[in-house]
Every structure is written in C-alpha cells, then in structure tokens.
Amino acid sequence: MKAPGLSVTVLSGGGEMGKLLRSIDWARTKLGPMRNWPTSLWTIVGMLLENRFPMLLWWGEDLIQIYNDAYREILGDKHPRAMGAPGPEVWAEIWHIIGPMVQGIQEGGAATWSEHLYLPMRRKGFVEETYFTFSYSPVPDDSGGLGGVLVTCQETTEQVLSERRLRMLQEIAVRAAATRTLEQTCEFVAEALRRNPSDVPFSRLYLVDERGHARLMANTGLDVSEPDTSDSWSLGAVLESARPVQLRGLRARFGAQREGAPVPDEALALPVSRPGESRPMGVLVAGLSPHLVFDERYRGFLELVAGQAATAIANVRVLREAEQRAEALAELDRAKTVFFSNVSHEFRTPLTLMLGPVEDLLAERQGALSEAQRRQLDVIHRGGLRLLKLVNSLLDFSRIEAGRVQATYEATDLSTLTAELASAFRATVENAGLRLTVDCPPPPEPVWVDRQMWEKIVLNLLSNAFKFTFEGELRVSLGWRDDRVELTVADTGTGIPAEELPRIFDRFHRVEGAKGRSYEGSGIGLALVQELVKLHGGDVRVQSTVGQGTTFTVSLPRGKAHLPAERLVEARSVAAHPVGETAFIQEASGWLAGDTSVATVRGAVPGAPATGAFGGHILVADDNPDMREYVVRLLEGRFTVVAVEDGRAALEAARGRVPDVVLSDVMMPGLDGFGLLRELRADPRTASIPVILLSARAGEEATIEGLTAGANDYLVKPFSARELLARVEGNVRAARARQDLDAFAGRIAHDVKNLLSPLGLMGAQLKSSEDARAQRAGERLERLSRRANNLLDGMLAFARAEPPDAGVTGASLGSVITDVVEDVSGLRDRIQGEVDLTPPEDVRVVLPPGLLYVVLVNLLTNALKFMEGRPVRRVSVAAHTREGQCVLEVKDTGPGIDPDALPHIFEPFYRAPGTKASGHGIGLATVQRIVTASGGDVSVESIPGKGTTFRVRLPLVPPAPERSI
C-alpha cells in the first residue's frame, strides 16, 4: 500500500533531485506511476533525498536508479539521464567490478564495505581513474522481501592520489639524499617516477651543461627513436622563460599504443630550478595521464616533482663543489706547506751570510765604526734576527703539518730550563717598568720533553705576554697536578675579548684592534705553541678578562708512556738555543722604543732649513722603531720630521700642528692607518692634508683600496729612498700650491669686495630717489651687490680654515632664507620647479648673514639644478630649534645620490660620476667648511630615484643677559 503523506512530502521537497524526480513520467518506467509506489519505496526515497551524504538507490530487479543532490557530482555527464535508468546501463564500464557485489545483496548476502576501491569510470568523456569508499545495503519492500539496494558512498580519489604522490615525493627526497653524483641522483629520480606510471606515464630529465646544452640524464616509459633536439620537447622555451610549457599531439608522433598501453597525448615540460634562480638547471618532461584531469592539483604535483629534483641535484652539486673545494684547499695547503718549507730553507742561507758578517763587524770593529754606521748595522742585525725567527717559525709549522717533525724527548730538569728561559727576559721586562716573577720549584721527577720545542713554547708565551702588558707583572710558574705538569704564563695586560678566545690558537689569526707594543707579527706564535704541545701529548688553554690580563696554561702528562718509544733518548746537557732566545729578546727590546709618548723630532729648523733642504713639516707614524728611524733619517736633511708610534699619537700631533704631509703605516696597534685617514678627513682643519700610506701589502688591489679610502698616495714596502723622497716632495708641492691658491682667492675676494662697496652705496642712494624707475634700479643694484658680497664671503670661507667671528648678533634665519628664495627664482622658473617654504621661527644663528646666505644658496641651488626634467620638481625648506641649535632641512624630489658617491659629496671639486649639472664643485665643500667652523654640522640622506635631504645644525645666538637696574 502507498502512504499518501509520504508522497506529498516527496513531491514538495528533496532539492534539485526532488524536482527532477517529480518531472519524470514514471509510468513509462519499470517502477510505474508514483501513486502506485510501495510505502517502503516512498520511505527510502524521502530519506535519501533529504540526506546531505551521497546516496543512490537501486530498486527492483532492474535496479532503477534514484539519487540525491550530493550524489550528482559523482555522476558527471551521466546526469540527468541516470535518474530512473537501470544501474547496469548507467555503470556499464564498471559493472564487472560492482555487479557481483550487487548480486550478492540480491541473493540474500550481508551489506558490503569497500574502501578506496579503484573504479575506471567514464563520466567526463574519457575513462577516468577514480577511487571510492562505499557500502551496499539491502532495502526491504512492503512484504519484507528485498526491494532494492542502498548505496552510500564517498569519492576518495583526491585522497588516494595525494597519498600516492606524497609517497613518491618522499621517495625522491630520501633516495636522492644518499647519492653523491649527478648520474645517481637523476637515476633515483627517474626510478621514483618509473614506479608511479599512473601519475607520470613517462618522463625525460634533462640537465644543462656548462655550455648551455641540454643533456638527457634519465628516461622512463617512452623510448624515442627520433633525434633529440631542444625543439623536440620545447626545452629552449622552458629554459628561456623558466615557465612550464604544455605539449600536445604526442600520439601523432609516437603512435597510439606503446608496450600495450596508450601513449599519453599530452605532457608538461617543467623547469628544474629552485625558488629565486633565474636560469633553470634543467628540464623535466612529464607525460600526463589520459585517465586524470589535468587540473591545478595535478600541475602543482608535477611542479613539486621538478622542485624536488632540483633540490636533490643542487644538493649533489653543492656537495661535489664542497668536495672539490676541500680537495683544492688540501692540495693548496700541501703546496703551501712545501713552499714554506722550501722558502724557509732557502732563506736561512742568505740570512746566515748576512748575520755572520754583521755580527763580526759589530764585535771586531766596534771602535772603528761611527755612530751612524753602528746604528745602521744594529738595524740590519735586529731585522735579520727577526726575519730568522719568522723563518724558523714557518719552517717548524710546515714540518709539523707535513708530519716530518722529528721530536727528541729526554728526561729534563724542566724547572731549571724554564727558569733560565724566563730569566733571559728579565732585563727587557724591567726596562719596561714591569715585574717578572718566576716560580719554578724543583720537580719531583724529570719531565720528558724536546728541549728546543719547550724553549719555543716558553719564549712564544712570554713574548706574547710582554707584547700586550703595559703595567703590572708577568708571572711564569711551574707546578704538578696529580699525573700532569703545568706551565702557567700569566700577565696583567690588556686581555682578550671573549668572542676572540675560540680562535686564539688559529693560524695567522690576530685580534683586531688589540692594544699592543707592536702590530707586527705573523700570527702563528700561539698556533705553533699548540702544535708543539700536542706533540708532547698535552694541551694548552687560555683564560682572559679584558682590562685585567690573560693566563695561558700548558699541561703535559708526566712520565713517558704516552710518547713514541723510538723518539726517547738519554738525557743530554744542552743549553737553550742561543739564536732563538736572542731573536725573541731582541724583538721584545725593540718594542720598548715605541712605548714613549714623546715624538721623535728631527730635521731642519722651521725658517732656517739646511742648505739644499726642500723645507716642510712631515708627520711620520709607524709602530716599528727601526722603520721610523729609517724614514726619519731619509727625510731629516730636507724636511722637519715628527715621528710617532701609532695612529692615535699621529692624530694628536696633526691637530696640534698641521703638517704638510702625513706618512703613515697601514698596520698599527690601536688606530691603524685607515682609521687615522678617516679621522683626518673628518676634521675640517686636517681634511686637506696629503696622506701617504705605507704598507707591506703589494699589488693593484691593495693600492686601489688605499686610494679609494682617500689616501693621496700609496707606497709599498720595501721602497727605495729616492722613491720615498719623490713622493713626499710631490705631495708637499701640491699642498703648497693649494695653499697659495686659497690665499690668492682670499686676496681677490677681498679686493673685489672693496670694488663692490661703492655699488652698494649707489644703490642705497637711488632707492631714496623720488623717481620710481631710479628706485627700482637702486633696489636691483643693492640686491646684486648684496648677493655678490655674499658669494665673496663664501670664497673667503673656502680660502681659510675658519669664517670671521659672527659677533653677538648673528644672522636672522628668516630674512636670509627670504633673500635666497628670491635670488634663486630665475633657476626655479627655468626648471618649472616649486619651493615650499615653512616660515622659520624668528631665530638668530651664530653666523654672519653673508656666510649663512652662502650656505643656503648653495644648498637650494644644488637641490634645484639636479631636478630639471624630473616628473616632480619640488624643494622644501624647513627650520626648527632644538636644544640650543637651529636645525635647517632642505629636501628635494631629485634623482638622489648614488651610495658610492655619498662619502665624497663634501670633498672639494668632487662631482659624482654621471652628473651633468654645471658648477665648480666647491659648493657643498664650502657649506661643510662654514658650518663646521661655526660649531655646527651638516649631514645628508639620499635614496636613489626618490630625493635627497641635507640637514644643517647651527648654534643659536645665546640670549643677551638681562641688565640690572
């Protein structure tokens, strides 16, 4: 029987499928008219149509279909004809899979459950790879028998595809990570693709070689007999655009079938590159499955495959490059070791031939030598010993690295040996005003060491401690800790920053900016100590506090079990190596010459130079006393020479008396040559001093670095006396010419000002006339006279170090700005620019009106002239007071200043490369000179393409004291 209430419900609801169901003439189907449907059918249809889960009902023996809105998406293009049609007809392509399940239900079987079942559906015009999780449940009719089968299902195609693709990407990442060659990596990528023909039916992986040619590295699923060119797979287009290219019409090229499977008609050629790379490293051609929709998910998956391949290939390349670099560095290290060893051996012969005769002369002909001769021989002897010490250190280090060192260990009275070595430094240490404490009690047993190596350990540590200690003491102690013997060398010196401690034993490492008696040194002393200690089976450690001191501790095992038996010898009576000890002490003694803060002053007396003397005041800065002495001796007959030991002392000397030329070493403790150069250039009083840098760094790169930093000249050690004299004389002449030019400009400006005075008076007289034309002429004449006077004030400011005293009244900022804006109106109108003026407060700055005018007119003119042709041409002028200063800002919308040009923008006659504006190039230099001489400062900020802001700070005139009545 039917249930009228249910029919009314079905006929009035059920969404889109309810409407479709009601529009069908069911009398023409096997189900018959709807009014004759059994109650059980009405019930299940009502429930199905209102359910939001995908559901399908097969009713009767013919399995007539009724489905809800949620199921509609599963049907694809089978909808709407599937409504009311027999199930076997609708799902003919998969009925061989699902038919037996339905038949089992019809024969009285239990409900079924299928999870992620593969169903090759044809619902979009092609056989599609789909996956579903579903169940078939029996639905009883009114009599209790089987009325139909209810299908509840969910499509899981995306889930299955995503999991499959993710597994493949993980496989590429894991397998490729274990490869070490490009060939292996490409093969592993191809193997992963070969295992997933459902997503990638075929693939071709190309890599670009050094010549830009694409080379096939791997191929899966498709053997191509035609020639492989860049156009075959659009490789050139992909490499050029770095974008994927979709390929079509492959079946026409390779046939519809290959190896029993259909050849995909389409493929996607993808760039193999990592994010941010402009040029792909290769191309991946991936066939597109004919059973999948090529949508964004599919494209995204293939792009991930290409990206994963790019990462794997890049990692292998990086690994290979790192291995090649490591091999090259190892080879370079071996070559360097051999070179150092060979060169050190070669140096020892000429050094012996130098030191021997010099020592003989000093010993045998002491009385026959003049003071100058003896002094020169002492310099040669000290330099030779220092070079021999360096050669010996390099030779020791190279032998250790090469594994060719032959240590000889013997039972040694380590306390006596250590005390003797330390005591050799006593005179030098005490001459420096320091204390030397040696605490080496008798040992309980001899210690097995190589005596010469131990000497180098002690001498290097003690020399290092002395170099960085200026007050207090040095302490050398020897002690026993259980089964170890410990040497401690402590000082009260400058200390080592904590961040430098991990690298303190690295070869050639030196602490930047550390205050020491000398900046010289090879940087291998402590590294050599560490290697020598390791050869004894020990270790060396360091503790340090900046400003308090440093302690080095060498710890060696007691006994001889840890040493090679074949290198043990009987104890011998051998003294410390005399040349090695002498070289350390001579070098340390030489540092003392740099401790004095009193400069070496020699040469011609100012005003009364020696006959033939060139004249001039030269400042020499070098931390090596012998080098200072040598340079002074070369220059003293022609110049007055002041020699100091470092950059800080040179800066103080230059500020005390401005020299004609500064001759500075580059590498000095504290303030080095480049730092001295920066400080001199930052001070208007010393900015124009010619600076010649001396350096041991040779080559074009070092010279360019020095000249770029602002040096006038760069001289590489060793240099000849004639070359040094020629460079110094040339720079002195240039400095004098510049001074003469400044003086000449000052005289001319002064004379012209005298000539302009009558014009100003004439303008004032015309202004007082009753004739209007005469009044206008007088105003123009007075304005031109005032402007000319202001410009001449600028010339005078540029010609002398300081502007005239501003007095107590100073300049009114507002009135001067008004004059300047009026005077640049011609330039403003010519470029069709705008000047936005924020009326400044009524303030007075410590500067004469004429010089303030020069500052403002240069800044405003500079801003306007660079904006011609710009889309926006606007200059804003604003001023405000803050903390006793007036801050004036001139901001423009011009092209900006190149960052490389900014450091030079205030240099006289400088013009940034590429600028076309006219001018003499002293405007901004004049501004800086006037402002800084008045106690203010000027700065500039610029963004290329967006504009520039000049910011001038000038002191305000202090308020007048109140007068008491």
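How many helices and strands make up the secondary structure of the chain? In this predicted model, the secondary structure comes to 27 helices and 33 strands. The chain has 965 residues, and 44% of them count as buried. Its accessible surface amounts to about 48100 Å², with 53% of that area belonging to carbon and sulfur atoms. Among the contacts in the chain with a separation of 6 or more, 65% are accounted for by residues 24 or more positions apart.

One helix pair was examined in detail. Helix α26, spanning residues 849-865, and helix α27, spanning residues 923-933, have axes that come within 9 Å and cross at roughly 145°. The crossing of α26 and α27 is left-handed. On the side of α26, the contact is made by Leu 851, Val 854, Val 855, Asn 858, Leu 859 and Asn 862; α27 contributes Gly 923, Leu 924, Thr 926, Val 927, Ile 930 and Val 931. Classified by residue type, the contact of α26 with α27 holds 8 nonpolar and 4 polar residues, and no charged residues.

Aromatic rings were considered next. A pair of aromatic rings is described by the distance of the centres and the angle of the planes. The count for the model comes to 10 aromatic pairs. One of these is formed by Trp 26 and Trp 37, which are edge-to-face, with 5.2 Å from centre to centre and 75° between the planes. Trp 26 and Trp 37 are 11 residues apart, and both are placed in the loop between α2 (15-23) and α3 (39-50). Both tryptophans, Trp 26 and Trp 37, are buried. In a further pair, the ring centres of Phe 134 and Tyr 136 lie 5.1 Å apart and the planes stand at 40°; the pair is therefore tilted, since that angle falls between the limits of 30 degrees for stacked and 60 for edge-to-face. Phe 134 and Tyr 136 are likewise buried. These two residues belong to one aromatic cluster, together with Trp 58 and Trp 95.

Several features of the backbone fall in loops. A cis peptide bond joins His 79 and Pro 80, with omega at about 10°. Pro 80 is situated in the loop between α4 (72-75) and α5 (87-90). Ala 242, although not a glycine, has a positive phi of about 60°. The loop that holds Ala 242 runs between α9 (235-241) and β8 (245-248). With a relative accessible area of 29%, Ala 242 is partly exposed. A positive phi is also found at Asp 482, a residue other than glycine, where the value is near 55°. Asp 482 has its place in the loop between β16 (473-481) and β17 (484-491). The relative accessible area of Asp 482 is 72%, and this residue is therefore exposed, the cut-off being over 50%.

Asp 482 also appears among the contacts of Arg 558. Arg 558 is found in the loop between β19 (549-557) and β20 (568-569). Its relative accessible area of 25% makes Arg 558 partly exposed. When neighbours within four places in sequence are left aside, Arg 558 is in contact with Pro 444, Glu 445, Trp 480, Asp 482, Asp 483, Arg 484 and Val 485. The C-alpha atoms of Arg 558 and Arg 481 are separated by 9.7 Å, with these positions 77 residues apart along the chain counted as their distance apart.

Two further loop positions were examined. Pro 659 lies in the loop between α19 (647-656) and β24 (661-665). Which is Pro 659, buried or exposed? At 5% relative accessibility, Pro 659 counts as buried, because the value is under 20%. Apart from neighbours within four places in sequence, the contacts of Pro 659 are His 617, Leu 619, Ala 654 and Ile 689. Pro 659 and Ile 689 are 30 residues apart along the chain, and their C-alpha atoms are separated by 7.2 Å. Asp 842 occupies the loop between β28 (834-837) and β29 (844-845). With 73% relative accessibility, Asp 842 counts as exposed. A separation of 9.8 Å lies between the C-alpha atoms of Asp 842 and His 880, which are 38 residues apart along the chain.

How values were computed
Residues are numbered from 1 along each chain as its sequence is written. This is a predicted model: local features need pLDDT of at least 70, side-chain atom pairs count only at pLDDT 80 or more; totals for chains, interfaces and linings use all residues. Side-chain values use heavy atoms; hydrogens and water are left out. Helices (H or I, at least four residues) and strands (E, at least two) are DSSP runs, numbered from the N terminus. Buried means under 20% relative accessible area, exposed over 50%, partly exposed in between (1.4 Å probe, protein chains only). Contact means heavy atoms within 4.5 Å. Accessible areas come from the Shrake-Rupley method with a 1.4 Å probe; for residues, only the protein chains shown count as cover. Axes are lines fitted to C-alpha atoms, for helices over the stretch in contact, and angles run from 0 to 180 degrees between N-to-C directions. A crossing is left-handed if the near helix is turned anticlockwise from the far one by less than a right angle, and right-handed if clockwise. Ala, Val, Leu, Ile, Met, Phe, Trp, Tyr, Cys and Pro count as nonpolar, Asp, Glu, Lys and Arg as charged, and the others, Gly among them, as polar. Rings of Phe, Tyr and Trp (its six-membered ring) pair if their centres lie within 6.5 Å; planes under 30 degrees apart count as stacked, over 60 as edge-to-face and the rest as tilted.
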